[in-house]
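Biologist: Please take one part of this model and go through it closely. I would like the surface, the enclosed space and the record's annotation treated together.

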Amino acid sequence: MALRNLILLFNPSTTDWAVSARLLKWLTFLWLLIGIVILFSASYAIADVELGDGTYYVKRQLMWVVLGLVGFNLLVRSPLRYLLKISHWLVLGLLVLLLLTLIPGVGTTVNGATRWLSFGSVPLQPSELMKPFLVLQAARVFGQWDRLQWRTRFTWLGIFMVVLVGILLQPNLSTTALCGMTLWLVALAAGLPFSYLGGTAFGGVLLAVLSISIKDYQRRRVMSFLNPWADPMRDGYQLVQSLLAIGSGGTWGSGFGLSQQKLFYLPIQHTDFIFSVFAEEFGFAGSIALMLLLMTYMTLAVIVAIKARNRVYQLIAIGAMLFIVGQSLLNIGVASGALPTTGLPFPFFSYGGSSMISSLCSAGLLIRVARESSEAKVVSIQSRRQSIAERRQRRHKVKAKR
């Protein structure tokens with residue numbers, strides 16, 4: 001593969017793709033470009049004061065974008081049948097890295113959560129990198145559920161449970177909930193019996209309630225979500241500042257780069273609450289435009305899923321869409337006070353290398369499904385020879401009867 005083809009921007013071979021695949025590619029790049037611009041605005045002030053370089057976060061994000069685009073390109077160019085053959089190894093490998101974060105002294109702790117592994121100066125978050133490959137394996141398992149033995153079913157259900165518990169123990173309730181809901185919705189789309197799904201949903205809710213009961217900070221977040229103004233300087237501070245930012249945007253916004261809340265009022269404005277900066281600078285009109293972008297992306301993903309060749313490919317498209325669009329909507333819900341405050345990043349917007357790679361890989365899977373849905377069915381040479389031989393035998397039999 002030529003080096004220039006590692007990043008799909010102006011590769012002429014994409015002109016042969018289906019319309020849905022090309023639209024998804026350009027929408028992904030448009031979303032990514034807007035995200036880089038917004039990150040520059042949201043992070044410049046804090047990076048300038050704390051690190052002496054206002055472009056620090058943007059430069060590092062661009063590095064992750066390049067790495068993510070390499071993964072994006074590899075997935076777009078790799079046949080899904082090959083990816084499905086190795087998806088279980090990828091999930092198991094990332095599960096090992098995920099469990100390593102739970103070992104004292106191995107994982108890197110930030111803001112009380114141990115979610116990262118540091119390789120030199122490069123931090124990686126296994127729970128984020130797990131997402132696209134979790135979609136692949138979930139589609140493979142649930143899409144072939146009727147053909148699997150009970151032993152295989154229980155084995156993978158157990159592995160999925162270990163993944164969720166491992167993420168929850170970091171602790172990372174928001175990512176656990178997102179991964180759990182995605183697995184459940186993929187299973188629902190696969191047509192699994194409601195008796196299984198109902199019991200699983202009850203268990204998931206019970207686990208979430210148990211976690212909130214045990215973890216004091218999670219309980220305080222839920223209480224502050226219900227009434228952030230009851231304690232606006234402590235537990236409700238993040239949500240109050242986020243609402244002030246969104247409300248300050250008005251109809252048309254304050255203008256690019258002119259957000260006031262990002263100037264050390266709004267916490268973690270370049271990661272979890274980056275939408276608040278966007279809403280303040282571009283207002284209600286910009287927020288509606290962003291929502292239209294998300295809805296267009298989701299609509300194309302649904303069309304791709306409907307046109308997919310088989311159930312497994314359909315589930316891959318649905319799962320990838322949930323991790324991209326669904327996570328975006330959850331982030332907006334948190335920033336606007338519609339959902340409890342969590343640590344979910346906004347795909348393609350929020351600063352973070354693992355999140356960027358994960359989002360681009362998920363988009364790559366979705367586009368790959370779109371490509372294969374429009375291509376002719378691939379017939380191996382061996383199958384072709386067998387077909388020709390069978391037709392010849394039938395002709396000989398007909399001649400012999402005559």
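Modeller: What follows begins with the first helix and then turns to the annotation, a pocket and a cavity.

This is a predicted model, in which local features need pLDDT of at least 70, side-chain atom pairs count only at pLDDT 80 or more, and totals for chains, interfaces and linings use all residues. Residues are numbered from 1 along each chain as its sequence is written, and side-chain values use heavy atoms, with hydrogens and water left out.

Helix 1 covers residues 19-51; helices (H or I, at least four residues) and strands (E, at least two) are DSSP runs, numbered from the N terminus. Tyr44 is found in this helix and is partly exposed, with a relative accessible area of 38%. Ile34 lies in helix 1 as well, and counts as partly exposed at 27% relative accessibility. Buried means under 20% relative accessible area, exposed over 50%, and partly exposed in between (1.4 Å probe, protein chains only). Ile34 is 8.3 Å from Phe348, C-alpha to C-alpha, although 314 residues separate the two in sequence.

Tyr44 also belongs to a nonpolar surface patch of about 450 Å², together with Leu33, Val37, Phe40 and Phe256. Patches are made of residues with over 30% relative accessible area and no salt bridge, with like charges joined within 9 Å and nonpolar side chains (Val, Leu, Ile, Met, Phe, Trp, Tyr) within 5 Å. A salt bridge is a side-chain nitrogen of Lys or Arg within 4 Å of a carboxyl oxygen of Asp or Glu. Accessible areas come from the Shrake-Rupley method with a 1.4 Å probe, and for residues only the protein chains shown count as cover.

The unreviewed UniProt entry annotates "transmembrane region" over several stretches, among them 26-46, 58-76 and 313-336. Such annotations may be inferred rather than shown by experiment; positions are in the numbering used here and feature names are shortened. Residues 58-76 are 100% helix and 0% strand, with end C-alpha atoms 26 Å apart. Residues 313-336 are 96% helix and 0% strand, with end C-alpha atoms 34 Å apart.

The structure holds one cavity of 30 Å³ or more. The largest cavity has a volume of about 40 Å³. Its lining includes Glu128, Lys131, Phe323 and Gln327, and helix 4 (126-143), helix 11 (311-335) and helix 12 (353-374) each supply at least two lining residues.

The second largest pocket has a volume of about 830 Å³. Of its 28 lining residues, the closest to the centre are Leu164, Gly180, Trp184, Thr200 and Gly204. On a 1 Å grid over the protein atoms alone, a cavity is a set of points where a 1.4 Å probe fits but cannot get out, and a pocket is an open set with protein on both sides within 12 Å along at least five of seven lines; lining residues have an atom within 4 Å of a point. Grid points are joined across faces, edges and corners, and a volume is the space filled by probe spheres set on the points.
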